[in-house]
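Trainee: I would like a close look at one part of this model rather than a tour of everything. Please take the sheet, and say what is attached to it.

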Amino acid sequence: MRERWAVAYEPCDMERGKYLWLRDSCGEIVIFGSKREARKWVLAEISFGMDPDDVIYIRLPRKSA
């Protein structure tokens with residue numbers, strides 16, 4: 001099975017550890033097949049003023065068959 005990674009960015013409540021999740025146009029959390037794929041997307045799409053240090057890569061459990 002493939003790895004699954006999600007991206008959280010831009011803290012919305014750092015004291016409580018809450019971040020915004022990268023979502024698609026339907027509001028679903030975007031899942032990447034590898035951490036490298038997620039990093040590549042972030043580096044290509046990061047907007048001016050967003051701190052790359054605020055981006056968190058989260059490895060998700062594999063889906064059960």
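How many helices and strands make up the secondary structure of the protein? And in what order do the strands of the sheet lie?

Mentor: The model is predicted, so to speak of local features a pLDDT of at least 70 is required, side-chain atom pairs count only at pLDDT 80 or more, and totals for chains, interfaces and linings use all residues. Numbering starts from 1 along each chain as its sequence is written, and side-chain values use heavy atoms, without hydrogens and water.

There are one helix and three strands, arranged β-β-α-β from the N terminus. Both kinds of element are DSSP runs numbered from the N terminus: H or I over at least four residues for a helix, E over at least two for a strand.

The three strands form an open sheet in the order β2-β1-β3, with antiparallel pairing. The edges are β2 (18-21) and β3 (56-60), each of which pairs on one side only. From one strand to the next the twist averages 50°; angles are taken between N-to-C directions, from 0 to 180 degrees, on axes fitted to C-alpha atoms, for helices over the stretch in contact. Two strands count as paired when DSSP finds at least two bridges between them. In general, the strands of a sheet pair through backbone hydrogen bonds, parallel or antiparallel.

Five bridges join β1 and β3 in the antiparallel sense. In this pairing valine 7 faces tyrosine 57 of β3 as its opposite residue. On the other side, β1 (residues 4-13) pairs with β2, also antiparallel, over four bridges. Aspartate 13 stands opposite lysine 18 of β2, and proline 11 has tyrosine 19 as its bridge partner in β2. Helix α1 (residues 35-45) packs on this sheet, touching β1 and β3, and its direction makes about 150° with that of β3. A contact here means heavy atoms within 4.5 Å.

Now the β3 edge. Isoleucine 56 lies in β3 and is classed as partly exposed because its relative accessible area is 31%. The classes are buried under 20%, exposed over 50% and partly exposed in between, with a 1.4 Å probe and protein chains only. Leaving out residues up to four places away in sequence, isoleucine 56 touches Ala6, Val7, Ala8 and Tyr19. Its C-alpha atom is 5.1 Å from that of alanine 8, although the two residues are 48 apart along the chain. Aspartate 53 sits before this strand, in the loop between α1 and β3. That residue counts as exposed because its relative accessibility is 68%. The C-alpha atoms of aspartate 53 and tyrosine 9, 44 residues apart along the chain, are separated by 8.9 Å.

Salt bridges come next. One is counted when a side-chain nitrogen of Lys or Arg is within 4 Å of a carboxyl oxygen of Asp or Glu, and by this rule there are two. In one of them, arginine 59 meets glutamate 3, with the closest N and O atoms 3.2 Å apart. This pair links distant parts of the chain, 56 residues apart: arginine 59 is in β3 and glutamate 3 is in the segment before β1. Both are partly exposed, arginine 59 at 48% relative accessibility and glutamate 3 at 30%.

The side chains of arginine 2 and glutamate 37 also form a salt bridge, at 3.9 Å from N to O. Here the segment before β1, holding arginine 2, is linked to helix α1, holding glutamate 37, across 35 residues. Arginine 2 counts as exposed because its relative accessibility is 59%, whereas glutamate 37, at 37%, is partly exposed.

At the β2 edge, tryptophan 21 lies in the strand and is partly exposed, at 31% relative accessible area. Trp21, Ile29 and Ile31 make a nonpolar surface patch of about 230 Å². Patches take residues with over 30% relative accessible area and no salt bridge, joining like charges within 9 Å and nonpolar side chains (Val, Leu, Ile, Met, Phe, Trp, Tyr) within 5 Å.

As for the whole protein, 17% of its 65 residues are buried. Of the contacts with a separation of 6 or more, 61% are between residues 24 or more positions apart. The protein exposes about 5,300 Å², with carbon and sulfur atoms supplying 50%; areas follow the Shrake-Rupley method with a 1.4 Å probe, and for residues only the protein chains shown count as cover.
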